[in-house]
Amino acid sequence: MPMLQPSKKNGFLGGGDGRVLDLDTAVKDGVLGGVGAGGLGTGVVEKLDLNKMIEELNLSEVPSVFICPISLEPMTDPVTLCTGQTYEKSNILKWLGMGHYTCPTTMQELWDDMLTPNKTLYQLICTWFSQQYVQMKKRSEDAQGRTSELLTILKKVKGQARIQTLKELHQLVDNHSTARTAVVDEGGVTVLTSLLGPFTSYAVGSEVIAILVNLTLCSDSKANLMQPSKVSSVIDVLNEGSIDAKLNCVRLIEILMDDKGFRAESLSSHSLLVALMRLIRDKRHPNGHLPGLALLKSVSIHNELQSLILNIGAAPQLVELIPFLNPECIELTLFTLDALSSTSQGKQALKDCPKTIPTMVKLLMRISEICTGHALSILLSVCKLAPEECSLVAVEAGLAAKLLLVIQSGCRQILKQQAAELLKLCSLNYSDTMFISKCKLTRTIQ
């Protein structure tokens, strides 16, 4: 490989994308975001820690010349090789320490292993990040002040003016932590909660809920939101809202349930569960399946609500939905069905669904041990309810061979015991010879 002449370094900065730029070019190309070379004073830089600024800003777009080609992260200690390429010092030291004697970007041989601090680039990086940091702090202060103003306005306005005020507040809360803090500290949660009620419009309700899910709510605020009139307003939005509004409703309900003072009867609503199942079954918006199923799982563990879930026909609907779900959603669905199968009403509902047994048999040893455990538990509940009828259907669906796989696998002992119990239950309707033939693995594998 030919030996290359070292590039001039003074007054130059090696770009992370292989370019070698002088200071004038960097400023001209907008590297500093419009700040001239005179903006390189270190007064502000000395007061602000570069690493802290980079971490807090967490910017998705940074000038390419500030990025280390090895780590693809902003540089805080840039050094330049003899090839003119610049890297973060710690990263290039690791590269050289691994026995590489080439430039990582160009793969040229290094004729000199000296690492020259790129002070010009360092000054540019510090100045640019300082600018961004100061602007962020200014925006945060402005956001805090504007939030206070909007909360005051919100107490006075009605109609379309109220909706516009809420929209602006929603945007501020979404983008600024200082705005979220201001809403909580200045009693904004009480103001927002007061807007939810039996006569709340969808437009107002959806904006209020979108704001509330971004806040840290205290127990008193949660208790206030659990009042029947407030819950009813949330359910209205869950029924009528856009997909984003529905997901916010799900998030708010989960927040309310995650409180020591939560009472299951607060969510004892036929309309809530119907709206939740509609979200789960919505094929146009699959992004609602996982949040909806996660909330249904949380609801299903409460005995007071299990009957309501079954009364709306959720059990067969969930069974029929399983083939179209991803593994994570299937696991949540099986948890819910398992919880429902612990009740006599749930057992009967699952038995009456013709797809329950074939679907559960297919899931054995398919997705995860957790899914296998739920499927076994559901099959046991159904088969014990009507041993002769259900066992015949299960064996014809290939259950016997699947149970042998469970018993011979490395699953938990409790699952093996359940499989053995179910296998014994299924064998009662067959002669030994016939049952052995039913245990052939070819049927299962197919």
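A search of the whole predicted model finds one cavity of 30 Å³ or more. The volume of this largest cavity is about 30 Å³. Its lining consists of Val231, Val234, Ile235, Ile253, Leu256, Leu267 and Leu272. Two elements, helix 11 (228-240) and helix 12, each give two or more residues to that lining. Helix 11 provides the largest share, three residues.

Helix 12 also features in the nonpolar interior. The largest nonpolar core holds 102 residues, and within this core Leu192 and Leu212 touch the most other members. Helix 12 (residues 243-257) contributes nine residues, the largest share of this core. With residues up to four places away in sequence left out, the contacts of Leu212 are Val189, Leu192, Leu196, Leu217, Leu225 and Leu252. Another core lies apart from the largest one. This other core has 28 residues, including Cys68, Tyr87, Leu110 and Tyr133.

Cys68, a member of that 28-residue core, is buried, with a relative accessible area of 0%. Cys218 is partly exposed instead, at a relative accessible area of 41%. A disulfide is a covalent bond between the sulfur atoms of two cysteines. With a cut-off of 2.5 Å between cysteine sulfur atoms, the count of disulfides in the model is zero.

Helix 7 spans residues 177-185. The buried residues of this helix are Ala179, Ala182 and Val183. These three lie on the same side of helix 7, because they cover an arc of only 100 degrees around the axis. Just after the helix comes Gly187, with a positive phi of about 75 degrees.

Over the chain, the secondary structure comprises 25 helices and five strands. The chain has 446 residues, of which 48% count as buried. Contacts were also examined by sequence separation. Of the contacts in the chain with a separation of 6 or more, 68% join residues 24 or more positions apart.

Taken by element, helix 12 thus appears in two settings. Helix 12 gives two or more residues to the lining of the largest cavity, and the largest share of the 102-residue core comes from helix 12. Leu212 touches Leu192, and these two residues touch the most other members of that core.

Notes. Residues are numbered from 1 along each chain as its sequence is written. This is a predicted model: local features need pLDDT of at least 70, side-chain atom pairs count only at pLDDT 80 or more; totals for chains, interfaces and linings use all residues. Side-chain values use heavy atoms; hydrogens and water are left out. Buried means under 20% relative accessible area, exposed over 50%, partly exposed in between (1.4 Å probe, protein chains only). Helices (H or I, at least four residues) and strands (E, at least two) are DSSP runs, numbered from the N terminus. The arc is that of the directions from the helix axis to the C-beta atoms. A nonpolar core is a set of buried Ala, Val, Leu, Ile, Met, Phe, Trp, Tyr and Cys residues joined through side-chain atoms within 4.5 Å. Contact means heavy atoms within 4.5 Å. On a 1 Å grid over the protein atoms alone, a cavity is a set of points where a 1.4 Å probe fits but cannot get out, and a pocket is an open set with protein on both sides within 12 Å along at least five of seven lines; lining residues have an atom within 4 Å of a point. Grid points are joined across faces, edges and corners, and a volume is the space filled by probe spheres set on the points.
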